[in-house]
2 protein chains.
Amino acid sequence: MATKHFYPVADGLVQQALLGTVASHSKLGLLYADKVIYHKSHPRNQVAVISGGGSGHEPAHAGYVGSGMLAAAICGDTFASPSAKQVQNGCMAVPSDQGYILIVTNYTGDMLHFGLACEKMKAEGHKVGVVKSADDVSVGRQNGGMVGRRGLAGTIILDKLLGSMSATGASFEEVLALGQAAGVSLVTISAGLDHCHVPGRPTAYGGLDHTTLEIGMGIHNEPGVQTVSPIPPIDVLIDRLLQYMIDPSDRDRAYAPFEPTDEVVLLVNNLGGMSTLEMRAITQCAVTQIRKNYSITPSRVVAGTFMTSLNAPAFSLTLFNSTYTAKQCGVPVYKVLEYFDAETDALSWPKTHRYNDTSALVENNKASENSISYAIDIVVDPDTLDRKLRKAAANVIAIEPKLTEWDTEMGDGDCGKTIEAGVLALLQAMDEEGLARSGSVLKVIDAIVAITEDRMGGTLGAVFGIFFAALFNSLVATLSATPNNTPVEKVIAMATVKALDSLRVHTPAKEGDRTVMDVMIPFVEAFKDGNIAEAAKVAKAAAEGTKKLLPKLGRATYVSSLYTRDVLPPDPGAWGVHELIQGLAA
Amino acid sequence: MATKHFYPVADGLVQQALLGTVASHSKLGLLYADKVIYHKSHPRNQVAVISGGGSGHEPAHAGYVGSGMLAAAICGDTFASPSAKQVQNGCMAVPSDQGYILIVTNYTGDMLHFGLACEKMKAEGHKVGVVKSADDVSVGRQNGGMVGRRGLAGTIILDKLLGSMSATGASFEEVLALGQAAGVSLVTISAGLDHCHVPGRPTAYGGLDHTTLEIGMGIHNEPGVQTVSPIPPIDVLIDRLLQYMIDPSDRDRAYAPFEPTDEVVLLVNNLGGMSTLEMRAITQCAVTQIRKNYSITPSRVVAGTFMTSLNAPAFSLTLFNSTYTAKQCGVPVYKVLEYFDAETDALSWPKTHRYNDTSALVENNKASENSISYAIDIVVDPDTLDRKLRKAAANVIAIEPKLTEWDTEMGDGDCGKTIEAGVLALLQAMDEEGLARSGSVLKVIDAIVAITEDRMGGTLGAVFGIFFAALFNSLVATLSATPNNTPVEKVIAMATVKALDSLRVHTPAKEGDRTVMDVMIPFVEAFKDGNIAEAAKVAKAAAEGTKKLLPKLGRATYVSSLYTRDVLPPDPGAWGVHELIQGLAA
């Protein structure tokens with residue numbers, strides 16, 4: 001259980017959070033003392049749909065205040081109901097001639113305090129109704145006794161539907177009827193890896209051990225209805241949750257009916273401490289199982305953080321049957337979904353879209369291949385090209401044990417094998433496909449770019465890849481921009497300078513940082529006039545010079561303090577490049 | 001560190017999460033093998049703005065794909081860059097005649113693989129540009145060396161601005177220029193209570209102990225730049241973070257200038273494991289400090305989960321200077337903010353609004369009071385009223401020690417004192433304000449409703465409050481609906497039945513559940529004809545009867561197994577009600 005907090009005591013935490021919420025939304029007002037967030041310009045001729053409850057469930061409910069959703073949210077302290085007076089004052093902040101509908105989660109404190117406010121407001125002559133939010137299916141009818149089902153994330157769907165409908169100018173009775181119909185069309189269940197810790201309270205809630213999860217966890221650290229150990233595979237877990245939610249043969253539950261042809265919304269809720277990565281995978285698992293096991297294809301899938309238990313590592317699944325709602329209250333089902341999708345400027349209601357069926361994607365989708373096409377080229381003597389490439393490859397293969405030894409000492413040891421893998425692939429392409437046989441320099445470079453990606457990989461593969469891809473580009477550009485009789489060496493030298501410039505856009509390494517750049521930079525500079533023999537000498541000296549350099553990039557930086565300058569091996573990447581150059585220059 | 005997961009091994013996790021993401025948005029496409037989410041109808045005549053990077057940072061970047069934001073997101077494995085081939089295939093999924101702008105976070109792998117894709121695509125004749133996202137200010141220029149600043153949550157602002165601008169039909173060069181200008185106008189720093197754990201990897205990252213936090217934590221479990229112990233108060237911490245971000249005298253930082261007149265956006269980012277409650281309070285603290293210490297009033301405040309490190313309990317603050325951006329690229333500042341606010345159908349970009357200044361609210365806002373006004377009444381003999389109320393109060397005061405004893409055994413021990421507090425307040429109102437002197441029954445009931453809220457509280461206060469508020473309502477209604485000569489007792493009896501009905505809407509308790517309802521229900525039934533003496537006898541018997549009932553609601557349910565039916569004390573709430581009734585009947 002995460003017991004560390006930036007706010008270790010709860011003093012003022014809720015009110016600071018409310019201030020932080022309204023800071024993001026200029027259309028929200030705040031009754032600071034009453035802990036009420038309200039919509040400053042809620043139209044008097046629309047029903048005011050209001051919710052609230054204890055804090056600690058953010059973004060519920062303050063995040064849902066806005067046009068087309070809640071008129072106000074009444075907030076209690078963490079996990080504690082607001083008082084009836086707060087509720088009344090919240091209602092009075094959004095005066096309505098049409099009446100007030102209070103969406104109340106089914107907990108004793110909330111039901112009583114909102115209920116008291118409701119009766120007091122009626123005494124003042126207001127039209128007030130309560131819509132009870134009670135979507136939990138973890139407890140069956142038999143054991144649930146009279147408390148009945150708790151209000152969980154499904155309440156946010158009530159907030160949205162009723163707020164949307166009210167914004168269309170619907171009457172008090174119509175909004176209330178939709179609320180009651182939607183209330184019985186919602187089922188929710190949660191599963192959690194652990195409880196949460198409330199800032200400022202003792203840590204005695206009893207966390208779960210490493211192999212245990214709970215099903216039917218509440219949103220106030222109430223223990224789950226079942227503990228399960230070991231933690232089952234996710235598809236097994238979700239299967240079980242869906243059974244509780246849907247199974248029509250479960251006589252103790254089956255709280256709402258679900259037919260394959262129904263328009264059903266799936267809402268996947270992060271109780272606060274789950275990674276979004278896992279939440280999205282859970283969403284996919286839930287969609288897959290609902291389709292497979294119940295032949296229900298959801299009309300909408302919404303996933304996010306709707307109703308939390310602080311930062312509990314837990315999630316809940318909610319199904320909302322809009323077809324059943326439509327049947328109960330006579331609003332057509334397309335209208336119910338329109339209310340669900342309608343615009344709101346509330347901070348925390350997400351954009352909703354139609355469900356996107358990807359089931360055909362997984363099998364049919366293969367990574368596609370790219371290759372470069374070109375209409376211009378440099379053609380050299382095929383034998384010379386073949387010989388130079390083989391010499392460069394042979395140099396690397398011969399020095400590989402040394403490169404590996406040096407990199408094992410200073411880095412992660414893969415440098416030698418990475419470069420060797422590249423030249424072996426090059427030799428293979430020459431032997432099996434006759435890569436050098438046409439004498440096309442661009443063809444060879446194109447092949448090298450592919451090899452750096454497919455056969456080398458890692459940082460070194462990417463550096464080589466960028467350099468050769470850029471060299472390809474700059475050769476084409478240089479060929480187009482220089483007279484036809486420019487010597488090949490000169491064209492290559494000019495293009496090499498530009499390729500190095502491109503590479504430097506993508507890597508911060510510069511001379512002195514103990515990387516391949518320590519050879520490449522001086523080499524390219526020396527090669528400027530096309531004299532590769534001279535440039536190769538410079539490259540050799542530069543490779544030797546890396547023995548005097550301390551690492552500044554990558555993993556090697558962490559071990560550098562272990563060495564004195566005198567005993568450093570050369571940089572293996574730089575040395576490998578020098579060996580390649582010597583081969584090409586030979 | 002939270003090391004439990006629903007997906008304990010990482011196999012397929014990223015791809016399942018991508019499927020789960022597109023399930024929510026019918027306009028998104030997925031290249032399953034390449035882990036690319038793309039906008040299916042991205043217009044060919046608009047620049048394709050593309051981002052990506054390792055997974056584990058959700059909702060970044062897949063959650064930002066949509067009209068007016070990213071054309072595609074290229075996803076690697078958890079905390080690992082995608083390959084150049086993935087990037088190329090992602091670009092090809094959203095073909096553009098205007099070109100491709102890659103927003104790349106400044107990490108070696110991302111820069112190199114996106115860089116290689118860039119060079120290869122240029123070789124194919126495409127227009128491709130890279131905008132580097134490097135907003136971290138935790139490392140100063142001196143120690144940062146050549147790696148430079150890391151890309152953190154500020155990159156999402158780049159996604160938004162460039163995507164918005166591209167949707168207006170801006171040219172490749174214009175979008176690129178905005179990207180470069182915005183890139184140097186962003187500063188971000190993070191603070192974390194702990195690292196996160198990557199599913200399927202060893203747990204050897206070294207969590208932080210209970211008293212330590214880190215400043216400058218990365219988004220891949222990179223250690224922070226500083227550890228701080230003990231954990232400082234939040235305002236001290238945020239002060240320090242803001243210094244790193246803004247302080248113009250910090251020669252090693254001051255990466256972007258901030259003037260009081262600048263239009264500045266504050267983005268507060270949950271790295272994944274923080275409760276939204278704490279995040280919102282942190283937001284308020286940051287806004288307050290920026291205004292106080294730097295005289296900067298943000299134009300926009302956005303808070304949420306933008307760029308995570310799985311579920312790390314950490315947050316980051318980002319400041320974006322849109323005025324400085326405007327100066328750098330020539331786009332007017334109002335346009336920059338328009339791009340920021342513009343609609344997008346991307347799943348995870350929030351609705352943005354103008355900053356809402358609440359600084360005047362805190363002092364001026366007091367909870368307001370409500371009281372009921374009424375034009376109809378029941379007036380009885382003041383002396384009788386006074387005597388009955390005093391007798392009821394005396395009964396409760398006399399029995400209080402017993403009620404407390406019984407409730408200590410079975411519940412949380414506050415029942416006796418709660419009821420006593422109510423009757424003491426009633427006596428005070430009678431003695432000091434002459435409450436009963438006018439003989440007005442409605443006035444007394446109105447006062448009792450206020451007392452239940454102000455002086456009793458808790459479940460019992462709310463139950464009494466609802467009953468008396470409902471009784472007030474039903475008395476007024478009954479008075480209006482019955483002939484003037486109806487006996488007072490009869491009117492009260494009829495109203496009592498209706499009040500009980502209202503109460504039962506707000507509480508699930510019924511007879512036999514061992515609550516106050518065990519006395520109230522039979523009493524009200526027996527009182528139907530207005531004979532209070534007979535009804536009081538029924539109430540007494542019912543109170544005695546609670547000795548045979550096991551608790552089914554509230555805290556008492558947890559200890560019920562400790563008792564056998566024979567030794568139970570009566571229910572203290574029910575008994576208290578019976579004592580009140582005996583007083584009123586006397």
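**Notebook: chains A and B**

Across the interface of chain A and chain B, I find 52 residue pairs in polar contact, with both partners at pLDDT 80 or more. Helix α3 (residues 108-123) of chain A gives the most to the side that touches chain B, with 11 residues. I sorted that side of chain A by class and got 62 nonpolar, 44 polar and 22 charged residues. A reminder to myself: this is a predicted model.

**Entry: the extent of the interface**

I looked up the contacts next. On chain A, 128 residues are in contact with 127 residues of chain B. The area buried between the two chains comes to about 10,700 Å², and carbon and sulfur atoms give 59% of this. I also asked for salt bridges between chain A and chain B, and the count is 4. One that I looked up by name pairs D454(A) with K85(B), where the closest N and O atoms are 2.6 Å apart.

**Entry: symmetry**

How is chain A superposed on chain B? I find a rotation of 180° with 0.0 Å of shift along its axis, and the RMSD is 0.1 Å. The two copies are therefore related as by a two-fold rotation axis. Of the residues of chain A, G273(A) comes closest to that rotation axis, with its C-alpha at 2.4 Å. The same surface serves both copies, since I see 99% of the contact residues of chain A recur in chain B.

**Entry: A470(B)**

I then turned to a single residue, A470(B), and found its place in helix α15 (residues 458-481) of chain B. Is A470(B) buried or exposed? Its relative accessibility is 2%, so A470(B) counts as buried. Leaving aside neighbours within four places in sequence, I find A470(B) in contact with A499(B) and S502(B), and also with E119(A) from the other chain. I checked D501(B) too: A470(B) and D501(B) are 31 residues apart in sequence, and their C-alpha atoms are 8.9 Å apart in space.

**Entry: S138(B)**

My last stop was S138(B), in the loop between β6 (128-133) and α4 (141-144) of chain B. S138(B) has a relative accessible area of 2%, so I note it as buried. Which side chains make a polar contact with the side chain of S138(B)? I found D136(B) at 2.9 Å and R150(B) at 3.3 Å. Not counting residues up to four places away in sequence, S138(B) touches R150(B), T188(B), I189(B), G216(B), V225(B) and R253(B). R150(B) thus turns up twice in my notes on S138(B), in the list of touching residues and as a polar partner.

Key
Residues are numbered from 1 along each chain as its sequence is written. Chains are lettered from A and ligands numbered from 1 in the order in which they are written. This is a predicted model: local features need pLDDT of at least 70, side-chain atom pairs count only at pLDDT 80 or more; totals for chains, interfaces and linings use all residues. Side-chain values use heavy atoms; hydrogens and water are left out. Contact means heavy atoms within 4.5 Å. Buried area is the accessible area (1.4 Å probe) that two parts lose on being put together, summed over both. A salt bridge is a side-chain nitrogen of Lys or Arg within 4 Å of a carboxyl oxygen of Asp or Glu. A polar contact is a pair of N or O atoms within 3.5 Å; within protein, one must be able to donate a hydrogen and the other to accept it, and residues adjacent in sequence count only if both atoms are side-chain atoms. Helices (H or I, at least four residues) and strands (E, at least two) are DSSP runs, numbered from the N terminus. Ala, Val, Leu, Ile, Met, Phe, Trp, Tyr, Cys and Pro count as nonpolar, Asp, Glu, Lys and Arg as charged, and the others, Gly among them, as polar. Copies are superposed by least squares on the C-alpha atoms of residues with pLDDT of at least 70 in both. Buried means under 20% relative accessible area, exposed over 50%, partly exposed in between (1.4 Å probe, protein chains only).
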